[in-house]
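I opened this notebook to keep track of what I looked up, entry by entry.

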Amino acid sequence: MDIREYDILTMKKAHPCGGKRWQVLRSGADFRLRCLGCGHVVEGPRRRFEKNVRGIERDGTAVPIEKS
C-alpha cells in the first residue's frame with residue numbers, strides 16, 4: 001500500500017473522540033499518525049494500521065487503495 005507522509009487516512013473504526021481521519025506524520029516500518037479530530041498522536045507497526053485503512057487522500061484527492 002502506497003502511504004506517504006502527510007497523507008490523510010480514513011480508518012474503519014473511529015477514535016474515541018469520534019474522528020476517523022488521521023494524518024500520517026511518519027511512514028516506514030512503523031507509522032506515526034495524528035487524529036484530525038482531537039490531535040492525539042499514536043505510533044505503531046505499519047501492518048496494524050494498513051488493515052484498517054478505508055481511504056487515502058493525497059493533496060486533497062482520493063488515491064486508489066492497492067491491498068497486497
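For the contact lists below I take contact to mean heavy atoms within 4.5 Å. The model I am reading is a predicted one.

**Entry: overall layout**

I began with the secondary structure, which comes to one helix and six strands. Along the sequence I read the order as β-β-β-β-α-β-β. I then looked up the radius of gyration, which is 11 Å; the globule rule gives 11 Å for 68 residues, so the protein is as compact as a globular protein of that length. Along the principal axes, the C-alpha atoms fill a box of roughly 30 × 25 × 20 Å. I noted that 32% of the 68 residues count as buried. Of the contacts with a separation of 6 or more, I found that 31% are between residues 24 or more positions apart.

**Entry: strand pairing**

Which strands does β1 pair with, and in what sense? I found that β1 (residues 8-11) pairs with β2 (residues 21-26) in the antiparallel sense, over three bridges. β1 also pairs with β5 (residues 53-58), again antiparallel, over four bridges. I checked Thr10 for both pairings: its bridge partner in β2 is Arg21, and its bridge partner in β5 is Gly55. For Leu9, the partner in β2 is Trp22.

I went on to β2 and β3, which run antiparallel and are joined by four bridges. The two strands form a hairpin, with three residues between them. One bridge I looked up here has Arg26 with Arg32 as its partner in β3.

**Entry: Arg21**

Arg21 lies in strand β2. Is Arg21 buried, partly exposed or exposed? Its relative accessibility is 37%, so I put it down as partly exposed. Outside its neighbours within four places in sequence, I list Ile8, Leu9, Thr10, Arg34, Cys35, Leu36 and Glu57 as contacts of Arg21. With Glu57 there is a polar contact between the side chains, at 3.2 Å. I also looked up Arg54: from Arg21 it is 33 residues away in sequence and 10 Å away in space, C-alpha to C-alpha.

**Entry: Gln23**

Gln23 is also a residue of strand β2. Its relative accessibility is 18%, and the cut-off for buried is under 20%, so Gln23 counts as buried. Leaving aside neighbours within four places in sequence, I find Gln23 in contact with Tyr6, Asp7, Ile8, Arg32, Leu33, Arg34 and Leu36.

**Entry: nonpolar core**

Which residues of the largest nonpolar core touch the most other members? I get Ile3, Leu9, Met11 and Leu33, out of 13 residues in that core. The elements giving two or more residues to this core are β1, β2, β3 and β5. Of the elements, β3 gives the most, with three residues. As background, nonpolar side chains tend to be buried together in soluble globular proteins.

I then looked up Leu33 by itself. Not counting residues up to four places away in sequence, Leu33 touches Leu9, Met11, Trp22, Gln23, Val24, Leu25, His40, Val41, Val42 and Phe49.

**Entry: aromatic rings**

How many aromatic pairs does a search of the whole structure find? I got one. The pair is Phe31 and Phe49, with ring centres 6.3 Å apart and planes at 40 degrees, so I record it as tilted. It links distant parts of the chain, because Phe31 is in strand β3 (residues 30-35) and Phe49 is in helix α1 (residues 46-50), 18 residues apart. I checked the accessibility of each partner. Phe31 has 0% relative accessibility and counts as buried. Phe49 has a relative accessible area of 7% and is buried.

**Entry: Arg58**

My last lookup was Arg58, found in strand β5. Is Arg58 buried or exposed? Its relative accessibility is 14%, so I enter it as buried. Not counting residues up to four places away in sequence, Arg58 touches Asp2, Ile3, Arg4, Asp7 and Val63. Ile3 is already in my core entry, where I listed it among the residues that touch the most other members.

How values were computed
Residues numbered from 1 in each chain as written. Predicted model: local features only at pLDDT ≥ 70, side-chain atom pairs only at ≥ 80, totals over all residues. Heavy atoms only, no water. Pairing = 2+ DSSP bridges. Buried < 20%, exposed > 50% of the residue type's maximum accessible area, 1.4 Å probe, protein only. Polar contact = N/O pair within 3.5 Å; in protein donor to acceptor, adjacent residues only side chain to side chain. Phe/Tyr/Trp six-rings, centres within 6.5 Å; stacked < 30°, edge-to-face > 60°. Core = buried A, V, L, I, M, F, W, Y, C linked by side-chain atoms within 4.5 Å. Rg over C-alpha atoms; globule rule 2.2 N^0.38 Å.
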